[in-house]
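Colleague: Please give a close account of one helix pair in this model, and then place that pair in the wider assembly.

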Protein chains: 2
Amino acid sequence: MPRKPNYDRQELIGRARDLFWQRGWAGTSLKDLEAELQMKPGSFYAAFGSKDALFELALNQYASDGVAGLTALAQELGPLEALKRWPQIAIGNGAAPAKACMLSKTLLELRAHNHPLAETASQHLLKMEATFAALFAQAQAAGEIDAAHNPKALALRYQSDLLGLRVSAEREGVDGVAIAQEIADDLGAL
Amino acid sequence: MPRKPNYDRQELIGRARDLFWQRGWAGTSLKDLEAELQMKPGSFYAAFGSKDALFELALNQYASDGVAGLTALAQELGPLEALKRWPQIAIGNGAAPAKACMLSKTLLELRAHNHPLAETASQHLLKMEATFAALFAQAQAAGEIDAAHNPKALALRYQSDLLGLRVSAEREGVDGVAIAQEIADDLGAL
């Protein structure tokens, strides 16, 4: 079988990611994936091995896109402004498969089953938390936030509020934009 | 078949609720339920009709227990103190099947599938939000919170932070108690 170029592979993983993100692990069958990626079972197996292996690649892509997106935003706007804008961005993409975070959806679905993908999701949430903490520390170094705060504690609360926002934004009739604005305002008061 | 007394039925629904809460809709099979409730398929069908019908009863029980628990706490402690304690209580029950809220887990799992139980969960989240808003309004009437705030907006943000806390508390190594304390401290500053 000719080897597909890597950008094709990333594009296929991205389509699988969107399906998993929207429908969850149990809600996405091998058949769904083969239809979405337009692959026959043999090619799917040769390219990705299994649904779980592809789910892990999808989680990895989702998480590294998140860290890269936030890092680019911070380079553009500075650390505090990036942290203030991030909640709006997280719920503001109308084309996203879900408002809720794929990592938290995976954790909630699979943790009770002791599924290894729940641990993968946990590890990615930790990396995102560390990215938030680094930006809070930079904002302190720049004098934008009072130096008395613990950047790790700020990051933990911020991430928790962000996860809550993204669950809330899944609800019909909930004004996620207002909640995102409040989270941003809280940061302005630090 | 002799009719079982109602308290037995509530106890059975409670055991099903715990299984659904922990493992989710897709992660709980009819076989799992029959084993947990020690019922044969015929008796299960006669008593509950279907997995979905039992899931709805379980959601209803979960939600009405939540409203009743918070209302009782507010009668004991007053509205503001009850709202401050509630986050700790929500994550503090070591015997609970999960830290995350069953309503939000159901919403996240089933909304993309347009499953009617996602709408049931949404409706219960709305009732919980209204309960929070009523307590915020009572706290304002008692002079415990500045009257300038909109109780509905306070309730929306509080519920969002609470959902985030309960997702965060599912993570290994996350200090949910510290986040719950911060949410309570925020209320004290209103």
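Modeller: In this predicted model, helix 6 (residues 102-110) of chain B and helix 7 (residues 116-141) of chain B have axes that come within 8 Å and cross at roughly 145°. The crossing of helix 6 of chain B over helix 7 of chain B is left-handed. On the side of helix 6 of chain B, the residues involved are B:L103, B:T106, B:L107 and B:L110. Their partners in helix 7 of chain B are B:L117, B:A118, B:A121, B:S122, B:H124 and B:L125. Sorted by class, this contact between helix 6 and helix 7 of chain B holds seven nonpolar residues, three polar residues and no charged residues.

The corresponding pair in chain A can be described in similar terms. Helix 6 of chain A packs against helix 7 of chain A at an angle of about 145°, and their axes are 8 Å apart. This crossing, too, is left-handed. Helix 6 of chain A contributes A:L103, A:T106, A:L107 and A:L110 to the contact, while helix 7 of chain A contributes A:L117, A:A118, A:A121, A:S122, A:H124 and A:L125. The contact of helix 6 with helix 7 in chain A comprises seven nonpolar and three polar residues, with no charged residue.

The relation between the chains follows. A turn of 180° with a shift of 0.0 Å along the axis lays chain A on chain B with an RMSD of 0.0 Å. Such an operation is the relation of a two-fold axis. Among the residues of chain A, the closest to the rotation axis is A:G164, whose C-alpha lies at 1.7 Å.

The helix pair also has a place in the contact between the chains. That contact draws 35 residues from chain A and 35 residues from chain B. On the side of chain A that touches chain B, two or more residues come from each of helix 1 (6-23), helix 6 (102-110), helix 7 (116-141), helix 8 (151-168) and helix 9 (176-188) of chain A. Helix 8 of chain A gives the most to this side, namely 11 residues. By class, the side of chain A that touches chain B has 16 nonpolar, nine polar and 10 charged residues. Of the interface residues of chain A, 100% are also interface residues in chain B, so the copies meet through the same surface. Helix 6 and helix 7 of chain A thus appear both in a contact with each other and among the elements of chain A that touch chain B.

Key:
Residues are numbered from 1 along each chain as its sequence is written. Chains are lettered from A and ligands numbered from 1 in the order in which they are written. This is a predicted model: local features need pLDDT of at least 70, side-chain atom pairs count only at pLDDT 80 or more; totals for chains, interfaces and linings use all residues. Axes are lines fitted to C-alpha atoms, for helices over the stretch in contact, and angles run from 0 to 180 degrees between N-to-C directions. Helices (H or I, at least four residues) and strands (E, at least two) are DSSP runs, numbered from the N terminus. A crossing is left-handed if the near helix is turned anticlockwise from the far one by less than a right angle, and right-handed if clockwise. Two residues are in contact if their C-beta atoms, placed from the backbone, lie within 7 Å. Ala, Val, Leu, Ile, Met, Phe, Trp, Tyr, Cys and Pro count as nonpolar, Asp, Glu, Lys and Arg as charged, and the others, Gly among them, as polar. Copies are superposed by least squares on the C-alpha atoms of residues with pLDDT of at least 70 in both.
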